[in-house]
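Please walk through the structure shown below with the following paragraphs at hand. They take up selected residues, a surface patch and a pocket in turn.

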Amino acid sequence: MASNRLSHATWRTVAPIAILTVPLVALLAWSAFMVCNAMLRNAEMLGTQLARTYAAEEEAHINAFRLLLGYGRASVDELIDDGLTHDELEAWMHRFTDNAAETLKGVMIDAYAAIDGRIVAANPWEGDDSYD
């Protein structure tokens with residue numbers, strides 16, 4: 001009989017704790033799930049925004065290259081029409097690429113053109129005279 005009283009007394013002590021513990025554990029698990037879900041959504045939004053920012057920056061670089069190269073091409077056409085020699089065009093291209101690289105914050109540009117069957121380059125390379 002004493003064991004029944006003990007188990008009845010134990011049950012009376014354990015039951016309220018168990019009744020409170022189950023919802024508390026469920027609330028804790030639900031909270032952890034919600035926090036994890038919110039963090040994943042935030043990480044996804046951050047990644048998407050970073051990708052858009054990098055894409056916009058690269059698009060701006062491409063547009064700057066397009067503008068500079070269009071200007072360079074038009075200028076070379078004009079200089080050829082004005083009768084500049086290949087050496088003078090080479091010197092102009094060298095100045096142009098230096099200024100363009102400075103404008104584009106150090107981006108390496110290697111400008112060249114095929115004029116009258118000869119390669120005219122800002123930075124001539126070995127073997128360009130034999131290029132066909």
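D77 has a relative accessibility of 37% and therefore counts as partly exposed, since the partly exposed range lies between 20% and 50%. This is a predicted model, and every value here is computed from it. D77 takes part in a salt bridge with R73, in which the closest N and O atoms are 3.2 Å apart. R73 has a relative accessibility of 53%, so this residue counts as exposed. Why are D77 and R73 separated by about one helical turn? Because the two residues are four apart in helix α1. Side chains of opposite charge can pair when their charged atoms come close. The structure holds one salt bridge, and the pair is D77 with R73.

R73 also belongs to the lining of the largest pocket. How much space lies in the largest pocket? The answer is about 150 Å³. Rolling a probe the size of a water molecule over the atoms shows where empty space is left. Alongside R73, the lining is made by L68, L69, G72, V76, W92, M93, F96, D110, A111, Y112 and A113. The elements that each supply two or more of these residues are α1 (2-81), α2 (86-103) and β1 (112-115). Helix α1 gives the largest share, five residues. By residue class, the lining divides into nine nonpolar, one polar and two charged. Gly counts as polar, so G72 is a polar member of the lining.

Helix α1 can also be followed elsewhere along its length. I19 is found in this helix. At 60% relative accessibility, I19 counts as exposed, because the cut-off for exposed is over 50%. The C-alpha atoms of I19 and C36 are separated by 27 Å, with the two residues 17 apart along the chain. M34 is another residue of helix α1, and it is partly exposed, with a relative accessible area of 36%. Together with L24, L27, W30 and F33, M34 makes a nonpolar surface patch of about 570 Å². A residue needs over 30% relative accessible area to be part of a patch, so M34 at 36% meets that condition.

The next stop is helix α2, where R95 lies. Is R95 partly exposed or exposed? R95 is partly exposed, with a relative accessible area of 48%. R95 and A122 are 27 residues apart along the chain, and their C-alpha atoms are separated by 8.0 Å.

The loop between α2 and β1 contains V107. This residue counts as partly exposed, at 30% relative accessibility. From V107 to T97 the C-alpha distance is 9.7 Å, and the two residues are ten apart in sequence.

The last stop is the loop between β1 and β2 (118-121), which holds D116. What is the phi of D116? Phi is near 55 degrees there, a positive value in a residue other than glycine. Most residues other than glycine have a negative phi. D116 is exposed, with a relative accessible area of 73%.

Terms used: Residues are numbered from 1 along each chain as its sequence is written. This is a predicted model: local features need pLDDT of at least 70, side-chain atom pairs count only at pLDDT 80 or more; totals for chains, interfaces and linings use all residues. Side-chain values use heavy atoms; hydrogens and water are left out. On a 1 Å grid over the protein atoms alone, a cavity is a set of points where a 1.4 Å probe fits but cannot get out, and a pocket is an open set with protein on both sides within 12 Å along at least five of seven lines; lining residues have an atom within 4 Å of a point. Grid points are joined across faces, edges and corners, and a volume is the space filled by probe spheres set on the points. Patches are made of residues with over 30% relative accessible area and no salt bridge: like charges are joined within 9 Å, nonpolar side chains (Val, Leu, Ile, Met, Phe, Trp, Tyr) within 5 Å. Accessible areas come from the Shrake-Rupley method with a 1.4 Å probe; for residues, only the protein chains shown count as cover. A salt bridge is a side-chain nitrogen of Lys or Arg within 4 Å of a carboxyl oxygen of Asp or Glu. Buried means under 20% relative accessible area, exposed over 50%, partly exposed in between (1.4 Å probe, protein chains only).
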